[in-house]
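Here is a walk through one protein chain, from its overall layout down to single residues. Keep the viewer open as you read.

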Amino acid sequence: PKALRRMWAAGLNKGLTLADLPTIHPRSIVFLYYGDLIKQEIDALATRSLADEGLTRAAVGSDGMLPGVGVAADPEVARLQIELLGEAGRRAGRPLPPAQREATRGILDDLQRWQAVQEALDWVSDSAPWMGEKLLYLVTRDVSLYLSKPRIRNAVQTALAKQLEEEVGEDESIVLLTHSLGTVVGMDLVTTWASGARAPLMVTCGSPLGIKQI
C-alpha cells in the first residue's frame, strides 16, 4: 500500500503541476487498501475448485484467467457475474440469449458454471470488443465476489473503517476518490463509516454503480 500510494501521489501531482495547481504531499493521502482480502478469497475458491480435472483443463484454455476459475464456479458468484455480463451486453446492444441468462439458475457442477460464465463473457466481448475481455471479466468477478459474500464484504469494510479511524482525525474530512470495485466499496463506506461532514465528496471513475444489479 505504501508503494502504491507513492505511485498514485506522483501521478496526481504531475497532473496538478501541469494544471498549474498546488501539489499534495503523499502523507496527506489515505490509501485505502483491501486487495489482500479479495485475493485471499479468490485463492481459497480457486484452490477448492481446481481439484476438478475437467475444470483445470477448461481454465488452461481460457486466455490466462486461471485464478478466477474457482470464483466463477461458486454458485452465488457465478449467478451475479452472469447478471452483470448480461447488463453489459444489453447496454452494448446485444443482450444475452435467454438460455445464457438463466444458465446458472439450475443445478450445475463447477465446470458447467465456469463454462456458463465464459460463454457469457465471450458473447459480450464479441459484441463490444472495446470493453476488453480480461478487464470485463476481472471487474465483474471481483464485484460479484464482494457483493455475494457477506463475510468478505464485512471484512473489507471493517478493515477500511479501522484504517480511517487511525489515519483521519475526528475533526478532519476526506474526499474519497474511487475506481472500479472501489466505487462499490466506497459507497458502502460512506454509508457506514462517514457522515456527510467527514466525507462531503466522493468521486468515481470507471464505476459500475449505474448497473441496476449493483
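Contact here means heavy atoms within 4.5 Å. With that cut-off, leave aside neighbours within four places in sequence, and Leu 181 is in contact with Tyr 34, Ile 38, Asp 142, Val 143 and Tyr 146. We return to Leu 181 below, after the overall layout. Bear in mind that this is a predicted model.

Start with the fold. The chain has 10 helices and 2 strands. Read from the N terminus, the order of elements is α-α-α-α-α-α-α-α-α-β-α-β. The chain holds 214 residues, and buried residues make up 40% of them. Now take the contacts with a separation of 6 or more. Residues 24 or more positions apart account for 73% of these. The accessible surface comes to about 11,600 Å². Carbon and sulfur atoms own 57% of that surface.

Next, the pockets. The largest pocket has a volume of about 1,200 Å³. Its lining counts 39 residues, and Val 30, Phe 31, Leu 32, Leu 177 and Thr 178 are the closest to its centre. Several elements each supply at least two residues of this lining. They are helix 1 (2-18), helix 2 (35-49), helix 8 (133-148), helix 9 (150-167), strand 1 (175-179), helix 10 (181-192) and strand 2 (201-205). By class, the lining of the largest pocket divides into 26 nonpolar, 9 polar and 4 charged residues.

The second largest pocket has a volume of about 420 Å³. It is lined by 19 residues, of which Met 131, Leu 136, Val 139, Pro 208 and Ile 211 are the closest to its centre. Helix 5 (75-91) and helix 8 are the elements that give two or more residues to this lining. Helix 8 gives the most, with 5 residues. The lining of the second largest pocket has 12 nonpolar, 6 polar and 1 charged residues.

Now the interior. In soluble globular proteins, nonpolar side chains tend to be buried together. Which residues touch the most other members of the largest nonpolar core? They are Tyr 34, Ile 38, Leu 145, Val 156, Ile 174, Leu 181 and Val 185, in a core of 26 residues. Helix 2, helix 5, helix 8, helix 9 and helix 10 each supply at least two residues of this core. Another core, of 15 residues, lies apart from it. Among its members are Ala 116, Val 117, Leu 121 and Tyr 137.

Follow Ile 38 outward from the largest core. Not counting residues up to four places away in sequence, Ile 38 touches Asp 142, Leu 145, Ile 152, Val 156 and Leu 181.

That leads back to Leu 181, which lies in helix 10. Is Leu 181 buried or exposed? Leu 181 counts as buried because its relative accessible area is 7%, and buried means under 20%. Asp 142 sits 39 residues away along the chain, yet the C-alpha atoms of Leu 181 and Asp 142 are separated by 6.9 Å. Asp 142 is on the contact list of Leu 181 and on that of Ile 38.

Gln 157 offers a second link across the sequence. Gln 157 lies in helix 9. With a relative accessible area of 12%, Gln 157 is buried. Gln 157 and Leu 189 are 32 residues apart in sequence and 6.6 Å apart in space, C-alpha to C-alpha. Beyond its neighbours within four places in sequence, Gln 157 is in contact with Tyr 146, Val 185, Asp 188, Leu 189 and Thr 192. Tyr 146 is also a contact of Leu 181.

Look at Ala 78 in helix 5. Ala 78 is buried, with a relative accessible area of 0%. The C-alpha atoms of Ala 78 and Ala 103 are separated by 9.5 Å, and the two are 25 residues apart along the chain.

Finish with the backbone. Most residues other than glycine have a negative phi. Two residues here go the other way. Asp 20 has a positive phi, near 60 degrees. Ser 180 has a positive phi too, near 55 degrees. Where are they placed? Asp 20 is in the loop between helix 1 and helix 2, and Ser 180 is in the loop between strand 1 and helix 10. Their surroundings differ: Asp 20 is exposed, with a relative accessible area of 71%, whereas Ser 180 is buried, at 13%.

Technical notes
Residues are numbered from 1 along each chain as its sequence is written. This is a predicted model: local features need pLDDT of at least 70, side-chain atom pairs count only at pLDDT 80 or more; totals for chains, interfaces and linings use all residues. Side-chain values use heavy atoms; hydrogens and water are left out. Helices (H or I, at least four residues) and strands (E, at least two) are DSSP runs, numbered from the N terminus. Buried means under 20% relative accessible area, exposed over 50%, partly exposed in between (1.4 Å probe, protein chains only). Accessible areas come from the Shrake-Rupley method with a 1.4 Å probe; for residues, only the protein chains shown count as cover. On a 1 Å grid over the protein atoms alone, a cavity is a set of points where a 1.4 Å probe fits but cannot get out, and a pocket is an open set with protein on both sides within 12 Å along at least five of seven lines; lining residues have an atom within 4 Å of a point. Grid points are joined across faces, edges and corners, and a volume is the space filled by probe spheres set on the points. Ala, Val, Leu, Ile, Met, Phe, Trp, Tyr, Cys and Pro count as nonpolar, Asp, Glu, Lys and Arg as charged, and the others, Gly among them, as polar. A nonpolar core is a set of buried Ala, Val, Leu, Ile, Met, Phe, Trp, Tyr and Cys residues joined through side-chain atoms within 4.5 Å.
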